Amino acid sequence: MSLQVMLQQRISSAQELLQRAEQLCPGVEGHQKLCGKLRAELRFLQRVKTGELQVKESHLHSTNLTHLTAIVESAQSLEDVVALLRVFTYQDAAGQRQTLVVDVVANGGHTWVKAVGRKAEALHNIWQGRGQYGDKSIISQAEDFLQASRQQPVHYRHPHVVFAFYNGVSSPMADRLRDMGVSVRGDIVAVNAVVTEDDDEDDEEDEDEEELGDDDDEEEEDDESEVAEATRVDRSTVVASLAFPAQVQVEECRRVNLDITTLITYVSSLSHGRCHFTFREHVLTEQAAQERRQQVLPELDAFMAGKELFACRAAVTDFQLILDTLGGPGEKERAEKLLARLHLVDDQPSERTLHLTHSAKINRRSLMIFGTGDSLRAVTMTANSRFVRAAANQGVRYSVFIHQPRALTEGKEWRATPTGTETKCLGADGS
């Protein structure tokens with residue numbers, strides 16, 4: 001195949017992949033990053049085509065397209081994708097701070113996927129110590145993923161690690177990964193031939209763009225002992241072909257911690273049918289319109305059903321102060337009934353919460369509420385997404401259920417303008 005023909009094929013593949021990526025999970029974290037990588041790859045190939053860049057044929061084999069294709073196909077195969085190319089920070093076994101890129105975070109965060117585009121032959125050779133200096137084996141990378149996942153629980157469950165191989169993986173490597181607790185997807189191929197030093201050759205078309213060895217330039221230790229003898233991949237013999245499961249079943253957390261914003265939302269007149277007003281305050285009018293479009297109370301009740309409900313003293317104390325100041329008779333009555341359902345606990349912020357740096361979005365009250373939920377190993381219900389994002393930016397990801405906010409409005413209805421019966425919404429109390 002001529003260089004020009006190969007180049008045009010690469011450009012066509014990049015264009016098609018970019019179109020697929022643009023339609024994939026729009027708005028999801030990392031979506032633009034993935035599309036940006038594809039556009040950069042396309043620009044590189046087009047510069048080569050115009051003669052602006054002079055490259056060898058081997059450079060076309062080592063483009064990023066294989067890995068990017070694997071990411072797109074992984075994301076298309078999974079449900080509830082929440083992030084692409086998300087960077088996680090963790091401590092390695094030596095206590096050193098490390099970063100790790102997870103190609104696809106799916107199933108609401110409960111599944112981490114590493115998409116592997118490198119050929120089975122190259123992966124197997126690196127594992128057996130026959131790769132280039134600095135190459136990091138898939139087994140070593142799996143250890144990093146497992147270490148990081150144990151430090152990044154989602155609703156107090158460690159994410160399930162999946163390695164998806166789009167150019168195959170050798171049978172002994174797949175067995176080792178599964179023994180470690182990593183799920184394997186893709187074609188599992190046999191190994192059957194002993195090779196000698198004279199036979200050992202680099203793969204001619206290693207289309208790996210993955211930055212193996214970025215964080216670790218040490219040679220693999222004791223790779224020779226991983227298998228009984230040096231072997232070669234037999235790509236013609238596929239032992240198994242494993243597809244992605246539609247959904248990973250995860251045991252639901254049965255504890256719920258209510259934030260102030262949730263307490264207010266739950267008792268608000270807006271949430272109980274009194275959403276057919278135009279208020280003098282723009283934010284209240286907007287919340288009323290949101291409630292007419294989508295009622296928030298059924299969502300809250302569904303999440304709370306059958307679970308233990310908690311609230312810490314910081315949340316309840318401030319809630320009652322706000323209620324005494326702004327709450328109407330109906331809102332106060334509903335608040336009394338709600339508080340009777342809750343387990344009131346002392347403020348007991350978790351250790352990692354205490355290490356957060358205070359800011360405009362991270363105040364003491366929020367630290368007490370979210371930190372207590374963290375100590376209880378409960379999911380915190382909240383409309384305070386600003387705090388959640390700010391904490392995540394400092395490396396602390398809380399288990400949360402985020403909903404739309406509703407304010408206390410009963411005391412302000414007397415000066416509001418009714419919107420008319422045609423837009424009236426019916427709440428839990430049928431009013």
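# Reading a pocket, a helix and a few single residues

Guide: Let's start where two domains come together around a pocket: the lining of the second largest pocket draws at least three residues from each of domain 2 (78–193 + 231–242) and domain 3 (255–418). The domain bounds come from an automatic or database domain assignment. Please keep in mind that this is a predicted model, in which local features need pLDDT of at least 70 and side-chain atom pairs count only at pLDDT 80 or more, while totals for chains, interfaces and linings use all residues. Residues are numbered from 1 along each chain as its sequence is written, and side-chain values use heavy atoms, with hydrogens and water left out.

Visitor: What counts as a pocket, and what volume does the second largest one have?

Guide: Picture a 1 Å grid over the protein atoms alone: a pocket is an open set of points with protein on both sides within 12 Å along at least five of seven lines, whereas in a cavity a 1.4 Å probe fits but cannot get out. Lining residues have an atom within 4 Å of a point. Points are joined across faces, edges and corners, and the volume is the space filled by probe spheres set on them. Here the volume is about 880 Å³.

Visitor: Which residues lie nearest the centre of that pocket, and which elements supply its lining?

Guide: Of the 30 lining residues, Arg86, Gly108, Val154, Tyr398 and Val400 lie nearest the centre. Strand 1 (83–91), helix 15 (385–393) and strand 12 (400–402) each supply at least two lining residues, and helix 15 gives the most, with 5. Helices (H or I, at least four residues) and strands (E, at least two) are DSSP runs numbered from the N terminus; the protein has 15 helices and 13 strands.

Visitor: How does the lining divide by residue type?

Guide: There are 15 nonpolar, 8 polar and 7 charged residues. Nonpolar covers Ala, Val, Leu, Ile, Met, Phe, Trp, Tyr, Cys and Pro; charged covers Asp, Glu, Lys and Arg; the others, Gly among them, are polar.

Visitor: Is Thr380 buried or exposed?

Guide: Relative accessible area decides: buried is under 20%, exposed over 50%, and partly exposed in between (1.4 Å probe, protein chains only). Thr380, in strand 11 (residues 379–382), is buried because its relative accessibility is 1%. Over the protein's 431 residues, 49% count as buried. At the other end, Arg364 in helix 14 (residues 364–376) counts as exposed at 55%.

Visitor: What does Thr380 touch?

Guide: Contact means heavy atoms within 4.5 Å. Setting aside residues up to four places away in sequence, Thr380 touches Asn257, Asp259, Phe370, Gly373, Ser399, Val400 and Phe401. With Asn257 there is also a side-chain polar contact of 3.1 Å. A polar contact is a pair of N or O atoms within 3.5 Å; within protein, one must be able to donate a hydrogen and the other to accept it, and residues adjacent in sequence count only if both atoms are side-chain atoms. Another such pair is His67 and Asp103, whose side chains are joined at 3.2 Å. His67 sits in helix 4 and is buried at 13%.

Visitor: Why is helix 8 described as largely enclosed?

Guide: Helix 8 (residues 260–267) has 7 of its 8 residues buried, so the rest of the structure largely encloses it. Those residues are Ile260, Thr262, Leu263, Ile264, Thr265, Tyr266 and Val267. They pack against strand 7 (255–258), helix 10 (297–304), helix 11 (313–326), helix 12 (329–341), helix 14 and strand 11.

Visitor: Which residues does Asp187 contact beyond its sequence neighbours?

Guide: Leaving aside neighbours within four places, Asp187 contacts Phe165, Gly168, Val169, Val238, Ala240 and Ser241. Asp187 lies in strand 5 (residues 183–194) and is partly exposed at 33%. The C-alpha atoms of Asp187 and Val239, 52 residues apart along the chain, are separated by 7.5 Å. Across the protein, 74% of the contacts with a separation of 6 or more join residues 24 or more positions apart.

Visitor: Where do Asp80 and Tyr156 lie, and what are their phi values?

Guide: Both are non-glycine residues with positive phi. Asp80, with phi near 50 degrees, lies in the loop between helix 4 (65–77) and strand 1 and is partly exposed at 48%. Tyr156, with phi of about 70 degrees, is in the loop between helix 6 (138–150) and strand 4 (160–170) and is buried at 11%.
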